[in-house]
Amino acid sequence: MGQFDKNSELMDHFLHPRNVGKLDNPDAIGKVGNITCGDIMEIYLKVENNIIKNIKFQTFGCAAAIASTSVLTELVKGKTLEEALKISSKRIREILGEMPPHKYHCTVLAEQALKDAIENYQKKSEKK
Amino acid sequence: MRKIYLDYAATTPTDSRVVKAMKPYFSKIYGNASSLHKIGQKSKLAMNKARAEIAQFINARSEEIIFTSGGTEANNLAIKGIFFALNLPHKHIITSKIEHHAVLEPCRFLEKQNATITHLPVDKYGLVNIIKLQQAIKDETILISIMHANNETGVIQPIKEISQIVQAEKERRQKEKINIPIYFHTDAVQTFSHLPLDVHQLNIDLLSASAHKLYGPKGIGLLYLKQGVKIESLIHGGEHEKGKRASTENIPGIVGFAKAVELAKKEMNKEQKRLMKMRDYFINKIIDSIKDSHLNGHAKMRLANNINISIKGIEGEAMMINLDSFGIACSTGSACSSTSLEPSHVLLAMSLGPELAHSSLRFTLGRWTKKKDLDYTIKKLIFVVNRLRNISSLKIKI
């Protein structure tokens, strides 16, 4: 059973990613990566009463990068911001299963994209 | 699910006729070619016959063929072998930025042994600049190593012109009594048995090849070494291969290599035409039906079986894995597919830019590729491109 086995969680999230797309009037956007490194992740958040009501993502990247963002959106939807901030890249790897070490950074990027979005949300809220 | 293999540049399946030819040499004629008894001599006879057939194919002599474990070893033996055979205070080697790692890494190793290495640039079509090559030659240049065709883009390099430059330099040195030799090595792993090769006519001093790229077995390759050119052996332990490469000879592999060459020779012209037609059909279909898709490398000066494209807005490995889920095997030069997380050095050398370098796919056709396989692949590729563009954060203008 390899990482790209069709029954693996990684392939399931790559071939059938959850929460793909953008949100109209999002409360915050998170963005990490650049074209030079080859991965760009964008996270769109809708927050109500400190809870992530809706989340969408768009990712330019490999199968592991797409699957990582998809898993992340499922993990944090419906969670409070504090709970969401506790979701680590390690948790994403636990769900995705076997992957070679050079792919770990995909899960780290997903965690960072969410943190960036939440940070942007908190900054915006402070200003209000 | 259909299984479509479009990664013939990575490796080829061993032709069943090759397997059949190899079979007796495992358990029936298993003698060591160095042994003097009958069964040993039978192995030796088979080896000599195979060696002569392969040598003849490139217009070389039997004694000029050194069997190795593959292309990587042949490249190592050529480059390090020339370097260590020469006792000179300064040694300079010219190669290109687009060589296979089996050439680049031995050169890097030799830098630690005080060699100076020049890496020639290529133009946007992936062709080595021969004017720069000419300018790079110094009195202490001992070796020029330029591949015959690139493994990623299939771009065929002007090795005839390069060998003419080397020849002129040899003559100059002779006239000016500069007592330093200069040799021309070409890594022909992608072209051996696919394109006609005449080492005599092309004035090649060293040439590397590997059997598994031409429907032969893995684990066997060769270095052609022109008579009179001295190299240092890298593997010591016996007088095999005229003392240039110790190790009991891989007789089944050698016999299989010769059979693969024999088959390729018979079918080469017809097969090249067939592949070229399919290649151009495939390229045109992709460019016509997928917006923002680009062909990488020269459109004409390329191997008959190579299609290397970049599709904007999608990462190459994602496309490759998605195609694999439909039973289509191809490859990519994207960073994600390599453990170094660097995109293809070949595409970067062609000044492709990171966006296109990360978005590349390579399809290489072969003996069992049919047009209907390509039609299926295009259908699935269009589906994959639309799906992944929808997920991508990089949007292309429609």
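Begin by selecting chain A and chain B together in this predicted model: between them the two chains bury about 1900 Å², and carbon and sulfur atoms account for 68% of that area. To see where chain A contributes to this burial, pick out A:F14, A:F60 and A:H102, which supply 28% of the area that chain A buries against chain B, more than any other three residues. If you then extend the selection to every residue in the contact, you should have 24 residues from chain A and 24 residues from chain B.

Next, show the side chains of B:E317 and A:K103, which meet in a salt bridge with a separation of 3.0 Å from N to O. Across the interface of chain A and chain B the count is 1 salt bridge, while 8 residue pairs are found in polar contact there, both residues of each pair being at pLDDT 80 or more.

Staying on the side of chain A that touches chain B, colour the elements that give two or more residues to that side, namely α1 (9–15), β2 (39–48), β3 (51–60) and α2 (63–76) of chain A. The largest share, 4 residues, comes from β3(A). Colouring this side of chain A by residue class instead divides its residues into 14 nonpolar, 7 polar and 3 charged.

Before leaving chain A, select helix α4 (residues 89–96), where A:E94 and A:K90 are 4 residues apart and therefore separated by about one helical turn. Their side chains form a salt bridge, in which the closest N and O atoms are 3.8 Å apart. Over all chains, the structure holds 28 salt bridges.

Now hide chain A and turn to chain B, whose domain assignment gives domain 1 (4–12 + 268–397) and domain 2 (16–262). If you place a marker at the C-alpha centre of each of these domains of chain B, the two markers will lie 29 Å apart. The contact between the domains brings 25 residues of domain 1 of chain B up against 33 residues of domain 2 of chain B, and the area buried between them is about 2500 Å², with carbon and sulfur atoms giving 57% of it.

A search for salt bridges between domain 1 of chain B and domain 2 of chain B returns a count of 0, whereas 18 residue pairs are in polar contact across that interface, with both residues at pLDDT 80 or more. On the side of domain 1 of chain B that touches domain 2 of chain B, highlight α8 (251–289), β10 (306–311) and α10 (345–349) of chain B, each of which supplies at least two residues. Within that side of domain 1, α10(B) provides the largest share, 4 residues. By class, the residues of this side of domain 1 of chain B divide into 11 nonpolar, 11 polar and 3 charged.

For the final stop, display the aromatic rings, which form 9 aromatic pairs over all chains. One pair to centre in the view is B:Y215 with B:W368, whose ring centres are 5.4 Å apart and whose planes stand at 80°, so the pair is edge-to-face. Follow the backbone out from each ring and you will find B:Y215 in the loop between β7 (206–210) and β8 (221–225) of chain B, and B:W368 in the loop between β12 (360–364) and α12 (371–391) of chain B, so the pair ties together parts that are 153 residues apart in sequence.

How values were computed. Residues numbered from 1 in each chain as written. Chains lettered and ligands numbered in written order. Predicted model: local features only at pLDDT ≥ 70, side-chain atom pairs only at ≥ 80, totals over all residues. Heavy atoms only, no water. Domains from an automatic or database assignment. Contact = heavy atoms within 4.5 Å. Buried area = accessible area lost by both parts, 1.4 Å probe. Salt bridge = Lys/Arg side-chain N within 4 Å of Asp/Glu carboxyl O. Polar contact = N/O pair within 3.5 Å; in protein donor to acceptor, adjacent residues only side chain to side chain. Nonpolar A, V, L, I, M, F, W, Y, C, P; charged D, E, K, R; others polar. Phe/Tyr/Trp six-rings, centres within 6.5 Å; stacked < 30°, edge-to-face > 60°.
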